[in-house]
Amino acid sequence: MTGESTPATEDGPVRRVRRVRQRTDADLGACVRALAEVHERDGYPVNWPDHPAGWLSRPALLAAWVAELDGRIVGHIGLSRGEADDAAPALWSSREGVSSAAAAVVGRLFVAPAARGHGIGALLIARAVREARERDLHPVLDVVASDASAVALYERLGWERLATVEQRWSPERTVTVHCYAAAG
């Protein structure tokens, strides 16, 4: 999935080449660096993982992609089977009357701060949704309710909010999350 964006500068439009491709193990270092920038600026992930590369490669991972802007990795998304701490698959499956195994969880989505405004988040989501549908799975996700920009992106792309729930992330911490399902 490639494309161009043309932001304007005082010197005129600048062509930026965007590309989404399958993530490789060699990409993990660049992904962790971009994730660190996102964590520093936006607080995502809420809890910085002890092993960020492992966090990006959760055990139930089906596939992952990176986004490049002018050849530099600036974003990431993964598609996984639902795990015990994912609320959206159970909510969606209950509503649809099917097994939660029919859902795929979109997650680990981030775009480096310097690369925002080029539609990269939407490109990454479109790629994960396409893969889920090719596998006959329905895309769902959980997002921390306080992440207003992520919530706005999902809603702008037509995702349906299934519910807002509390998740216990540790004995001392409960977090409010919105659960979404892709349209259709």
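Start by selecting G43 in this predicted model: with a relative accessibility of 32%, G43 counts as partly exposed, because the partly exposed class runs between 20% and 50%. You will find G43 in the loop that links α1 to α2 (52-56). Now add D147 to the selection. Although 104 residues separate G43 and D147 in sequence, their C-alpha atoms are 8.9 Å apart in space.

Next, go to R23, in the loop between β4 (16-22) and α1 (28-42). What is the nearest side chain of opposite charge to R23, and how far away is it? Show D25: it is that side chain, at 5.2 Å, and R23 is buried without a salt bridge. Turn on L56 and S57 as well. A polar atom of the R23 side chain lies 3.1 Å from the backbone oxygen of L56, and the side chains of R23 and S57 share a polar contact of 2.8 Å. Beyond its neighbours within four places in sequence, R23 also touches other residues, including C31, W65 and H76.

W65 takes you to the strands. Select β5, residues 61-69: seven of its nine residues are buried, so the strand is largely enclosed by the rest of the structure. On one side, β4 and β5 run antiparallel and are joined by five bridges; look for Q22 opposite W65. Then bring up β6 (residues 72-80), which runs antiparallel to β5 with eight bridges between them. Here the bridge partner of W65 is I77.

Finish at the hairpin of β5 and β6. Two residues lie between the strands, and D70 takes a positive phi near 55°.

Note on methods:
Residues numbered from 1 in each chain as written. Predicted model: local features only at pLDDT ≥ 70, side-chain atom pairs only at ≥ 80, totals over all residues. Heavy atoms only, no water. Helix = DSSP H or I, 4+ residues; strand = E, 2+ residues; numbered from the N terminus. Buried < 20%, exposed > 50% of the residue type's maximum accessible area, 1.4 Å probe, protein only. Lys, Arg positive; Asp, Glu negative; His and termini not counted. Salt bridge = Lys/Arg side-chain N within 4 Å of Asp/Glu carboxyl O. Polar contact = N/O pair within 3.5 Å; in protein donor to acceptor, adjacent residues only side chain to side chain. Contact = heavy atoms within 4.5 Å. Pairing = 2+ DSSP bridges.
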